[in-house]
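These are my notebook entries on a structure that I went through place by place. Each entry records what I looked up and what I found.

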Amino acid sequence: MRRKIALPGGDNLKTVDFGFLLITLILVAFGLVMVFSASYYSSISVNGTPFYYLIRDGIWVCAGLIMMFIGMTLDYRNYKKLALPIMLACLAALVLVLVIGATRNGATRWLAVGPITFMPGEWAKLGMVFFLAWFFGEKPVRARSILLGILPAVIVTAGFAFLIIRQPNLSTALTVCGIAVAMMLVAGMDWAYVGAAAGLGVGGFLFIVLFMKDTYWYARITNFTDPFQDMYGEGYQVAQSLLALGSGGLTGVGLGRSVQKSLYLPEPQNDFILAIIGEELGFIGVIVLLIVYCLLIWRGMRIALRAPDQFGMLLASGVVMMVAIQVILNVAVVTASMPATGINLPFISYGGNGLLMFMFSAGVLLNISKQETRIREAESGG
């Protein structure tokens, strides 16, 4: 479904994928509602008002709309020249955060400039997308060459992942690796290399389980199998998440009526907001939300398949894969299907960095759809 969308600036004939735009805005609006609901009691407890997170999230949404408009307006082909500098800037920021970054809850993931905090790990995901889209889009044959394509891409990905793990931030590192593998497959890489990478991952997992039993990583990796065995320690947040999901049943307890958000589930407006959605809106509410995400991913892949060039196709695919991987990982963490680690739910979880990055990425996708439409109309004489 494509409709004419009037854009400020006088260029009113350009079109974007209206379905993708509408679904994105629906998710953002739903996120605003759920952030307010999930944060109600913790906001009163910490800040003395129930509206603290709602107001801040509303400000981020407004900023995100500006970022989406910027992404939608700028011709995506300009990122070809910027891809390498963006990648290098992301690497530099990841190094910098380990040197002078702000530490919260045992993790060093933020660069603070006065009251404003910047998370290089969030933007590194998009930086990886830009770089790989340029790298494989410039010479598609690279995806079928180990030395000329796959090995350099793996080295860059490993550098990103290593620096992010040092924060520590396992989920973002997994997302970066997942994006890289998915984009290389789309570019034409042989599936056999994926099997080899999976083997290395399993080997690393077994090494931690067998030989690193007294480490932070062992506790994070193994506690998810039974969070209730350490319910007041490492397993506390996941245990409360499961209690929230179980309490919701099929139809939920009702919007705004969650019990677990009443200072039981820590920071429920952030990474575990899906647990509050499950408690208040039930299994049906969660399934409907996942269907909406599937529709968003479908529209995004449709844009990728119709992109005017290889770079646009890879760029759109990378953004869509980034959203899809992050949704999958968030659901897995909240349902204790993988180790608990901080990863937000795209467009919904509270957090300015994540929201700005995803809304800008959505704008880039919309620009790709706009350029495709303009080229198609030019070719047809319209």
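**Entry 1: Phe272.** I began with the burial of Phe272 in this predicted model. Its relative accessible area is 3%, so I entered Phe272 as buried. I located Phe272 in the loop between α9 and α10. Setting aside residues up to four places away in sequence, I listed its contacts as Gln237, Val238, Ser241, Leu265, Val333 and Val334. For one of these partners, Val334, I also looked up the C-alpha to C-alpha distance from Phe272, which is 6.1 Å across 62 residues of sequence.

**Entry 2: Asn270.** Is Asn270 buried or exposed? Its relative accessibility is 15%, and because the cut-off for burial is under 20%, I recorded Asn270 as buried. Asn270 is placed in the loop between α9 (236-248) and α10 (273-305). Its side chain makes a polar contact of 2.7 Å with the side chain of Glu267. Beyond the neighbours within four places in sequence, I found Asn270 in contact with Ser349 and Tyr350.

**Entry 3: the largest pocket.** I met Asn270 again here, since Asn105, Trp110, Glu267, Asn270 and Asp271 are the lining residues nearest the centre of the largest pocket. The lining comprises 48 residues, and the pocket holds about 1,500 Å³ of space. I noted that two or more lining residues come from each of α1 (18-47), α2 (52-73), β4 (107-113), β5 (116-118), α8 (216-222), α9 and α12. Which element gives the most to this lining? I found that α2 does, with five residues. Sorted by class, the pocket lining has 23 nonpolar, 17 polar and eight charged residues.

**Entry 4: enclosed space.** I turned next to the cavities. Rolling a probe the size of a water molecule over the atoms shows where empty space is left. Searching the whole structure gave me four cavities of 30 Å³ or more. The largest of them has a volume of about 70 Å³. I listed its lining as Phe20, Leu296, Ile297, Val319, Val320, Val323, Phe347, Phe358, Ser361, Ala362 and Leu365. Three helices, α10, α11 (310-334) and α12 (352-379), each provide at least two residues of that lining, and α12 gives the most, with four. By class, I counted the lining of the largest cavity as 10 nonpolar, one polar and no charged residues.

**Entry 5: Phe347 and Leu263.** Most residues other than glycine have a negative phi, and most peptide bonds are trans. I therefore looked up exceptions of both kinds, beginning with phi. Phe347, one of the residues that line the largest cavity, has a positive phi of about 70 degrees although it is not a glycine. I placed Phe347 in the loop between α11 and α12, and entered it as buried because its relative accessible area is 4%. Leu263 likewise has a positive phi, near 70 degrees, without being a glycine. I found Leu263 in the loop between α9 and α10. Is Leu263 buried or exposed? With a relative accessible area of 54%, Leu263 is exposed.

**Entry 6: from Pro168 to Ser171.** I then checked the peptide bonds. The bond joining Gln167 and Pro168 is cis, with omega at about -5 degrees. Pro168 belongs to the loop between α5 (146-165) and α6 (170-187). I went on to Ser171, which lies in helix α6. Ser171 is buried, because its relative accessible area is 0%. Its side chain is in polar contact with the side chain of Asn169, at 3.1 Å. Not counting residues up to four places away in sequence, I recorded that Ser171 touches Leu329, Thr341, Gly342 and Ile343.

**Entry 7: the whole protein.** I closed with the overall values. The secondary structure amounts to 12 helices and five strands. The protein has 382 residues, and 50% of them count as buried. Among contacts with a separation of 6 or more, 71% join residues 24 or more positions apart. I noted an exposed area of about 17,000 Å², with carbon and sulfur atoms supplying 69% of it.

How values were computed
Residues are numbered from 1 along each chain as its sequence is written. This is a predicted model: local features need pLDDT of at least 70, side-chain atom pairs count only at pLDDT 80 or more; totals for chains, interfaces and linings use all residues. Side-chain values use heavy atoms; hydrogens and water are left out. Buried means under 20% relative accessible area, exposed over 50%, partly exposed in between (1.4 Å probe, protein chains only). A polar contact is a pair of N or O atoms within 3.5 Å; within protein, one must be able to donate a hydrogen and the other to accept it, and residues adjacent in sequence count only if both atoms are side-chain atoms. Contact means heavy atoms within 4.5 Å. On a 1 Å grid over the protein atoms alone, a cavity is a set of points where a 1.4 Å probe fits but cannot get out, and a pocket is an open set with protein on both sides within 12 Å along at least five of seven lines; lining residues have an atom within 4 Å of a point. Grid points are joined across faces, edges and corners, and a volume is the space filled by probe spheres set on the points. Ala, Val, Leu, Ile, Met, Phe, Trp, Tyr, Cys and Pro count as nonpolar, Asp, Glu, Lys and Arg as charged, and the others, Gly among them, as polar. Accessible areas come from the Shrake-Rupley method with a 1.4 Å probe; for residues, only the protein chains shown count as cover.
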